[in-house]
Amino acid sequence: MAIRQIRMEGDPVLGKKCRPVEVMTDKIHELIGDMLETMYEHNGVGLAAPQVGILKRIVVVDIGEGPIVMINPQILESEGEEIMDEGCLSVPGMAGEVARPGYVKVRALDEDMDEVVLEGTELLARAFCHEIDHLEGIMYTSLVKGGLHPVEYEDE
């Protein structure tokens, strides 16, 4: 596995729609491992393939409960609305308020190309929506209410 370079806002690849994954290959399996390693290295909770320059419909998420890999994800249901600060590894050091559903149900394929249905609330729902938006070429910055602001980190 390797840490990949994260594409920054303004990179044209981040504005493009991604292609579905038709078959699991060694190369895609390696990409997924690299995406997880890259996400953890940068203390993220999610990462989409276009953020590392690959226009495939693959996302990884981990809100602290273990990694979730979603291939060709689709939101089936959503409910409610929560407005919270949101950030992105492609826009480091910045955040902004974004309205997202408080609950989502997602259908995707896992690493074995088996269909899974996942449900998420609060941060997990937000991460699912944020990363799936990346697959459509949508950056969260286009959804921010009131502008971006610097992220304030707590002292560890």
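Helices and strands are taken here as DSSP runs numbered from the N terminus, a helix being H or I over at least four residues and a strand being E over at least two. The model shown is predicted, so that local features are described only at pLDDT of at least 70 and side-chain atom pairs only at pLDDT 80 or more, while totals for chains, interfaces and linings use all residues. Residues are numbered from 1 along each chain as its sequence is written, and side-chain values rest on heavy atoms, with hydrogens and water left out.

**View 1. The whole protein chain, with its 2 helices and 8 strands.** Read along the sequence, the elements of the protein chain follow the pattern α-β-β-β-β-β-β-β-α-β. The C-alpha trace spans about 40 × 35 × 35 Å along its principal axes. The radius of gyration of the protein chain is 15 Å, which agrees with the value near 15 Å that a compact globule of 156 residues would have; this radius is taken over C-alpha atoms, and the globule rule is 2.2 Å times the number of residues to the power 0.38. Of the 156 residues, 43% count as buried, where buried means under 20% relative accessible area, exposed means over 50% and partly exposed lies in between, with a 1.4 Å probe and protein chains only. The protein chain exposes about 8400 Å², of which carbon and sulfur atoms supply 48%; these accessible areas come from the Shrake-Rupley method with a 1.4 Å probe, and for residues only the protein chains shown count as cover. Among contacts between residues at least 6 apart in sequence, 65% join residues at least 24 apart, a contact being heavy atoms within 4.5 Å.

**View 2. The open sheet of 5 strands and the helix α1 that packs on it.** The strands of this sheet follow the order β1-β2-β3-β6-β7 with antiparallel pairing, and two strands are said to pair if DSSP finds at least two bridges between them. The strands β1 (46-48) and β7 (115-121) stand at the edges with a single partner strand each, so one side of each is left without a neighbour in the sheet. From one strand to the next the twist averages 35°, with axes fitted as lines to C-alpha atoms (for helices, over the stretch in contact) and angles running from 0 to 180 degrees between N-to-C directions. Helix α1, residues 26-41, packs on the sheet and touches β1, β2 (58-61) and β3, its direction making about 35° with that of β2.

**View 3. A close-up of helix α1 and its buried residues.** The 16 residues of α1 reach 22 Å from the first C-alpha to the last, close to the 22 Å expected at 1.5 Å a residue, where the expected span is 1.5 Å times one less than the number of residues. Among the buried residues of α1 are Ile-28, Leu-31, Ile-32, Leu-36 and Met-39, and the buried residues of this helix pack against β1, β2 and β3. After α1 comes Asn-43, whose phi is positive, near 55°.

**View 4. Strand β6 between its partners β3 and β7.** Since 5 of its 7 residues are buried, β6 is largely enclosed by the rest of the structure. Strand β3 (residues 68-79) is joined by 6 bridges to β6 (residues 103-109), the two running antiparallel; within this pair, Gln-74 stands opposite Arg-107, and Glu-77 stands opposite Lys-105. On the β7 side, 7 bridges join β6 to β7, again antiparallel, and Val-104 has Gly-120 in β7 as its bridge partner. The strands β6 and β7 form a hairpin with 5 residues between them, and Met-113 in the turn has a positive phi of about 65°.

**View 5. The open sheet of 3 strands, with helix α2 lying across two of them.** The order of this antiparallel sheet is β4-β5-β8. At its edges stand β4 (82-87) and β8 (145-150), each with a single partner strand, so one side of each is left without a neighbour in the sheet. Neighbouring strands here are turned by 30° against each other on average, direction ignored. Between β4 and β5 (residues 94-100) there are 6 bridges, and Asp-85 has Glu-97 in β5 as its bridge partner. Helix α2 lies across β4 and β5, running at about 60° to β4. The helix α2 (residues 122-135) also lies across β1, β2, β3, β6 and β7, running at about 125° to β7.

**View 6. Gln-51 in the loop between β1 and β2.** Gln-51 counts as buried because its relative accessibility is 1%. Leaving aside residues up to four places away in sequence, Gln-51 touches residues including Gln-5, Arg-7, Leu-14, Cys-88, Glu-131 and His-134.
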